[in-house]
Amino acid sequence: MSNIVIVFDFDKTIIDCDSDNWLIEELGFTDLFNQLLPTMPWNSVMDKMMMEFHSHGITNEDIEKVLHRIPIHHRIIPAIKSAYALGCDLRIVSDANMFYIETILKHLGIKKYFSEINSNPGYVNQEGRVRISPYHDFNKASHGCINPCPPNMCKGLIIDRIQNTVCEVDNKRFIYLGDGAGDYCPSLRLRERDFVMPRKNFPVWDLICKDPSLVKAEIHAWCDGEELEQVLMKLINVIMMDEHVQFIASDCKLQTLSTSVIESFPKALRVQP
Ligand SMILES: [Mg+2]
Ligand SMILES: [Zn+2]
């Protein structure tokens, strides 16, 4: 195991679209969705859409088939496999839902690479209807976050929890990847020794660019799956090299190491798909 924790958003980060929009468009329910959206939170609209699908005779198997066709950039799975092979702890924090994410990850054969998935509850009930509920029950109480977080989920609170549960003595270092406005709050929670990978020209990028000094973590943008893979592998290498240097330094009581020595360390392995 390395000391690296990688936290991925799901929609437009692991997959290359928004899973809710994909399902609604593929099933031909865009007009109804657009009618409902101004009347209630997104998460509640999706539960209602599932009821509509069910009453139109669309089964959960039909929904799964549509989810199996979801677009994903061809370099994402190799990037996930390489990071896992290098001993990183991979997790997902997503405002989609557990039903979609598990269906898609199982279909792609990559569920086993993730140690934890945090998302809105989603399951198939006794009548065979998919139910989606909020991660944070905003009917009981607000999560109280002032950042642009939807009422059903503050990803910042989830990152706080992960930071508190992974062992402090291990000196864990985080890499957080995301695209949406909801990924801004967790980006602000990262520390100096962490890294944030915002998707270039997406809402989280715009929010970070307004005042980058608010983000303590190092910022490394990416635009597509290919660049995501390149940047992620580079950062994993940098962190591993850092730890290696610290290990050598403490082991040999060396005060300084010349760059030529550091460069002679073996590069972290890159796993081919
Ligand atoms: Mg997203
Ligand atoms: Zn928040």
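In this predicted model, D9 is buried, because 25 other C-beta atoms lie within 10 Å of its own, and 20 or more such neighbours are enough for a residue to count as buried. D9 is found in the loop that runs between strand β1, residues 4–8, and helix α1. Once its neighbours within four places in sequence are set aside, D9 is in contact with V93 and S94, and also with L177, G178, D179, G180 and D183.

One of those contacts, D179, shares an annotation with D9: the unreviewed UniProt entry places the feature "binding site" at D9, D11 and D179. These three residues are spread over 171 residues of sequence, and yet they cluster in space, the largest distance between their C-alpha atoms being 8.2 Å. D179 itself is found in the loop between strand β6, residues 173–178, and helix α8, residues 184–189. D179 too counts as buried, because it has 22 C-beta neighbours inside 10 Å. If residues up to four places away in sequence are not counted, D179 touches D9, K12 and T13, and it also touches R199, F202, P203 and V204.

The same UniProt feature name, "binding site", again from an unreviewed entry, also covers D20 and D95. Although this pair spans 76 residues in sequence, their C-alpha atoms are no more than 10.2 Å apart, so they gather at one spot. D20 has its place in helix α1, which comprises residues 19–27, whereas D95 is found in strand β2, residues 89–97.

Are D20 and D95 buried or exposed? D20 is buried, with 20 other C-beta atoms within 10 Å, a number that stands exactly at the cut-off of 20 for a buried residue. D95 is buried as well, with 25 other C-beta atoms within 10 Å. Leaving aside neighbours within four places in sequence, D20 is in contact with M46 and A96, while D95, under the same condition, is in contact with N120, P150, M153 and G182.

Helix α1, which holds D20, also leads to the packing of helices. Two packed helices are described by the angle between their axes and by the distance between those axes. In the case of α1 and helix α4, which consists of residues 60–68, the angle is about 115° and the axes are 10 Å apart. Angles from 65 to 115 degrees count as roughly perpendicular, and α1 and α4 are therefore described as roughly perpendicular to each other. The crossing in which α1 passes α4 is right-handed. The residues that meet here are L23, E26 and L27 on the side of α1, and I63, V66 and L67 on the side of α4.

Helix α4 also packs with helix α6, residues 98–108, at an angle of about 60°, and the axes of these two helices are 9 Å apart. The contact is made by E64, L67 and H68 of α4 together with Y100, T103, I104 and H107 of α6, and L67 is thus named in this contact as well as in the one with α1. With the angle given above, α4 and α6 are therefore oblique to each other, and α4 passes α6 in a right-handed crossing.

A further residue to look at is E116, which lies in strand β3, residues 114–120. E116 is partly exposed, because 14 other C-beta atoms lie within 10 Å of its own. The C-alpha atoms of E116 and Y184, residues that are 68 apart along the chain, are separated by 20 Å.

These details can now be set within the chain as a whole, which has 11 helices and 8 strands. For 273 residues, a compact globule would have a radius of gyration near 19 Å, and the chain, at 20 Å, agrees with that expectation. Along its principal axes, the C-alpha trace of the chain spans about 70 × 40 × 35 Å. Of the 273 residues of the chain, 35% count as buried, and D9, D20, D95 and D179 are among them. When contacts between residues at least 6 apart in sequence are considered, 64% of them join residues at least 24 apart.

Technical notes. Residues numbered from 1 in each chain as written. Chains lettered and ligands numbered in written order. Predicted model: local features only at pLDDT ≥ 70, side-chain atom pairs only at ≥ 80, totals over all residues. UniProt positions renumbered as here; feature names shortened; annotations may be inferred. Helix = DSSP H or I, 4+ residues; strand = E, 2+ residues; numbered from the N terminus. Buried ≥ 20, exposed ≤ 12 C-beta atoms within 10 Å, placed from the backbone. Contact = placed C-beta atoms within 7 Å. Rg over C-alpha atoms; globule rule 2.2 N^0.38 Å. Axes fitted to C-alpha atoms, helices over the stretch in contact; angles between N-to-C directions. Parallel < 35°, antiparallel > 145°, perpendicular 65-115°, else oblique. Left-handed = near helix turned anticlockwise from the far one by under 90°.
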